[in-house]
Amino acid sequence: MVTGRNYTHLPGYWEGAYIAGPAAVIEPNAVIYGGVDPNKLYKIDTAGTLVATYDQASLAGWGWRDLAFDGVYLYASDSGTVQQIDPATGAATGVTIPSPINPARALAYDPATDHFWAANWDSNLYEFDRTGKITVTLK
């Protein structure tokens with residue numbers, strides 16, 4: 001059970017999230033948390049009860065570095081490619097997005113532009129579209 005977390009400061013209040021490693025994505029009625037080797041995706045309801053466990057579609061020892069959510073799909077990266085993940089099954093859909101950074105950490109989705117943001121440690125911060133085209137670089 002997950003305890004001691006208060007997400008009421010988040011827009012729309014916290015109804016659930018998907019989490020991989022240190023990453024969290026807000027989504028109604030679910031939390032998913034990912035561990036390292038074996039890389040898993042854990043779905044936890046808002047009461048903190050484990051609902052499901054999925055294998056990550058990652059071959060990297062650390063698994064997915066971060067997650068983003070566009071309101072329908074999760075997005076994750078362990079390389080220079082962002083994978084689209086079906087939150088109902090935890091499986092990769094086969095849709096990929098080239099990332100300007102490898103791996104795409106600090107992954108975020110901006111619904112106003114339908115773009116993603118990513119960085120890696122002390123790298124630039126990149127905004128990019130679903131084709132991988134960089135639209136903004138912040139140094």
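**View 1. The salt bridges of the chain.** By the rule applied here, this predicted model holds 2 salt bridges. Both feed into one picture, since Asp 70, Asp 114 and Arg 130 are linked in a network of salt bridges. As background for this view, side chains of opposite charge can pair when their charged atoms come close.

**View 2. Asp 70 meets Arg 130.** Here the side chains of Asp 70 and Arg 130 form a salt bridge, with N and O 3.0 Å apart. Asp 70 sits in the loop between strand E6 (66-69) and strand E7 (74-77), while Arg 130 belongs to the loop between E12 and strand E13 (134-138), so the pair ties together parts that are 60 residues apart in sequence. How buried or exposed is each partner? Asp 70 has a relative accessible area of 19% and is buried, as the cut-off for buried is under 20%. Arg 130 counts as partly exposed, at 29% relative accessibility.

**View 3. Asp 114 meets Arg 130.** Swing over to the other salt bridge, in which the closest N and O atoms of Asp 114 and Arg 130 are 2.9 Å apart. This pair also links distant parts of the chain: Asp 114 lies in the loop between strand E10 (105-110) and strand E11 (115-119), and Arg 130 in the loop between E12 and E13, 16 residues away. Asp 114 counts as partly exposed, with a relative accessibility of 31%.

**View 4. Glu 127, a buried charge without a salt bridge.** Glu 127 is part of strand E12 (residues 125-128). Which side chain of opposite charge is nearest to Glu 127? That is Lys 133, 11 Å away, and Glu 127 has no salt bridge although it is buried. For a salt bridge, the nitrogen would have to be within 4 Å of a carboxyl oxygen. Leaving aside residues up to four places away in sequence, Glu 127 touches Thr 113, His 115, Phe 116, Trp 117, Lys 133, Ile 134, Thr 135 and Val 136.

**View 5. The setting of the close-ups.** Stepping back, the chain has 13 strands and 0 helices, so to speak a run of β elements from the N terminus on. Of its 139 residues, 44% are buried. Among contacts with a separation of 6 or more, 27% join residues 24 or more positions apart. The chain exposes about 7300 Å², and carbon and sulfur atoms supply 55% of that area.

How values were computed
Residues are numbered from 1 along each chain as its sequence is written. This is a predicted model: local features need pLDDT of at least 70, side-chain atom pairs count only at pLDDT 80 or more; totals for chains, interfaces and linings use all residues. Side-chain values use heavy atoms; hydrogens and water are left out. Helices (H or I, at least four residues) and strands (E, at least two) are DSSP runs, numbered from the N terminus. Buried means under 20% relative accessible area, exposed over 50%, partly exposed in between (1.4 Å probe, protein chains only). Contact means heavy atoms within 4.5 Å. Accessible areas come from the Shrake-Rupley method with a 1.4 Å probe; for residues, only the protein chains shown count as cover. Lys and Arg count as positive and Asp and Glu as negative; His and the chain ends are not counted.
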